[in-house]
Amino acid sequence: PPQDLVVVGSINVDLTADVERLPGAGETVGGGRLRRDVGGKGANQAVAASRLGARVRMVGAVGSDADGAWAVETARSAGVDVEGVRTVDAPTGTALIAVDAAGENQIVVCSGANALVEPEGFVVAAGDAVLMQLELPLDVVRAVAARAPGFVVVNAAPARPLPADLVERADLFIVNETEYAAMPELGEAKRVAVTYGASGAAMIAEGAEAARVPAVSTEAISTVGAGDAFSAALTLAILAGMPDDEALRTACAVGAAVVAHPGAQPPLDRLEMYRGTR
Ligand code: ATP
């Protein structure tokens, strides 16, 4: 794509326990198998966009610990420009994830260094598109959106009340159906892409459904990161000028590729490989 994508977002280390079933409140479930992965919606989306062929800069923060160094090196080796990732005085963000045999998950996020990201200190040029999520302080997201001169995409996850200025400024929101239901203020947004897991995705423009596509059917190994890869792919597809239905189909094909893979940052082909996949 002609534009650079600037991802302003979270960087975490994901500690994932694969378990037979998820624990209830106060319950202990044994037999877990542990994995460590670099995650965080920001890092996942930056890495996915880079693997899909975009030129990506990441803005974020990590702690001065081994997890932080590992996360930054992982993004760098995926081709992401990490000059805008600061090292701060807080532990690297950590997500505690449990995934059951059916691929359902439960997640606890400890934001750590992500809470210290500041909206100043980096340049968003006229030709840059910006992709953000809501794992950073909301004021940072608002401030970056307000001063970004170009296309602004907000993956509004996790859900929280959205200020009117952000709803008005963002060119595209991306949410799952639970988040969509939790944020009625999105009814005022220019465009909202809503994901429905195994049932696909839709685009809502000025409050009316403009396109709807089914998912690409696949065996679900782990849905962790599916929404992140979908967000990166949809952003790049829209920036590439694809019409809504083709952009959604392309992003669903990328999401399905992630669901079929155990980690949150699976290998991905360039975006053209998924283009218009049914
Ligand atoms: P995450 O689990 O990463 O938080 P999410 O809740 O943000 O995901 P979903 O709606 O679950 O988002 O999934 C995003 C997209 O990924 C879907 O629109 C779909 O294209 C794809 N996807 C998710 N689950 C499946 C599935 N079981 N089979 C095929 N595609 C899927």
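**Two sheets and a ligand site: group meeting talk**

Let me begin with strand β1, residues 4-8, and strand β8, residues 129-133, which pair in the parallel sense over four bridges; within that pairing, the bridge partner of leucine 5 is alanine 129 in β8. I should say at once that what we are looking at is a predicted model, and everything that follows should be heard with that in mind.

These two strands belong to an open sheet of nine strands, whose order is β5-β4-β1-β8-β9-β10-β11-β12-β13 and whose pairing is mixed. At the edges stand β5, residues 81-88, and β13, residues 208-213, each of which pairs on one side only. From one strand to the next, the twist averages 20°.

Two helices lie across this sheet, and I will take them in turn. Helix α3, residues 138-147, lies across β1, β8 and β9, where β9 covers residues 152-155, and the helix runs at about 165° to β8. Helix α6, residues 226-239, lies across β1, β8, β9, β10, β11 and β12, and its direction is at about 155° to β10.

Let me stay with β10, residues 172-176. Strands β9 and β10 run parallel and are joined by three bridges, with valine 154 standing opposite phenylalanine 173 in β10. Why can we call β10 largely enclosed by the rest of the structure? Because four of its five residues are buried.

Just ahead of that strand, in the loop between α4, residues 164-169, and β10, we find aspartate 171. Is aspartate 171 buried or exposed? Its relative accessible area is 17%, and because the cut-off for buried is under 20%, aspartate 171 counts as buried. Its side chain reaches the backbone nitrogen of valine 152 at 2.8 Å, and a polar contact of 3.4 Å joins it to the side chain of lysine 190. If we leave aside neighbours within four places in sequence, the residues in contact with aspartate 171 are Gly150, Phe151, Val152, Lys190 and Arg191.

Now to the ligand, which is surrounded by 18 residues, the closest being Asn176, Thr195, Gly197, Thr223 and Gly227. Which atoms of the protein lie beside oxygen atoms of the ligand? For asparagine 176, a polar side-chain atom lies 2.9 Å from an oxygen atom of the ligand. For alanine 226, a backbone N or O atom lies 3.2 Å from a ligand oxygen atom, and for glycine 227 the corresponding distance, again from a backbone N or O atom to an oxygen atom of the ligand, is 3.0 Å. Taken alone, the ligand exposes 620 Å², and the protein buries 83% of that area.

One of those closest residues, threonine 195, has its place in strand β11, and with a relative accessible area of 15% it is buried. Not counting neighbours within four places in sequence, threonine 195 is in contact with Val175, Asn176, Glu177, Gly200, Ala201 and Phe230. Asn176, then, appears both in that contact list and among the closest residues to the ligand.

Let me turn to the other sheet, an open one in which four strands follow the order β3-β2-β6-β7 with mixed pairing. Its edge strands are β3, residues 33-39, and β7, residues 105-110, each pairing on one side only. Neighbouring strands here are turned by 20° against each other on average, with direction ignored. Strand β2, residues 12-18, pairs with β3 in the antiparallel sense over seven bridges, and leucine 15 stands opposite arginine 36 in β3. Helix α2, residues 66-77, lies across β2 and β3 and runs at about 65° to β3.

I will finish with valine 82, found in strand β5, which takes us back to an edge strand of the nine-stranded sheet. Valine 82 is buried, with a relative accessible area of 8%. Which residues does valine 82 touch, not counting those up to four places away in sequence? They are Val72, Ala75 and Arg76. Finally, valine 82 and arginine 57 are 25 residues apart in sequence, while their C-alpha atoms are 6.3 Å apart in space.

Key
Residues numbered from 1 in each chain as written. Predicted model: local features only at pLDDT ≥ 70, side-chain atom pairs only at ≥ 80, totals over all residues. Heavy atoms only, no water. Pairing = 2+ DSSP bridges. Axes fitted to C-alpha atoms, helices over the stretch in contact; angles between N-to-C directions. Contact = heavy atoms within 4.5 Å. Near = heavy atom within 4 Å. Polar contact = N/O pair within 3.5 Å; in protein donor to acceptor, adjacent residues only side chain to side chain. Areas by Shrake-Rupley, 256 points an atom, 1.4 Å probe, with all protein chains shown as cover. Buried < 20%, exposed > 50% of the residue type's maximum accessible area, 1.4 Å probe, protein only.
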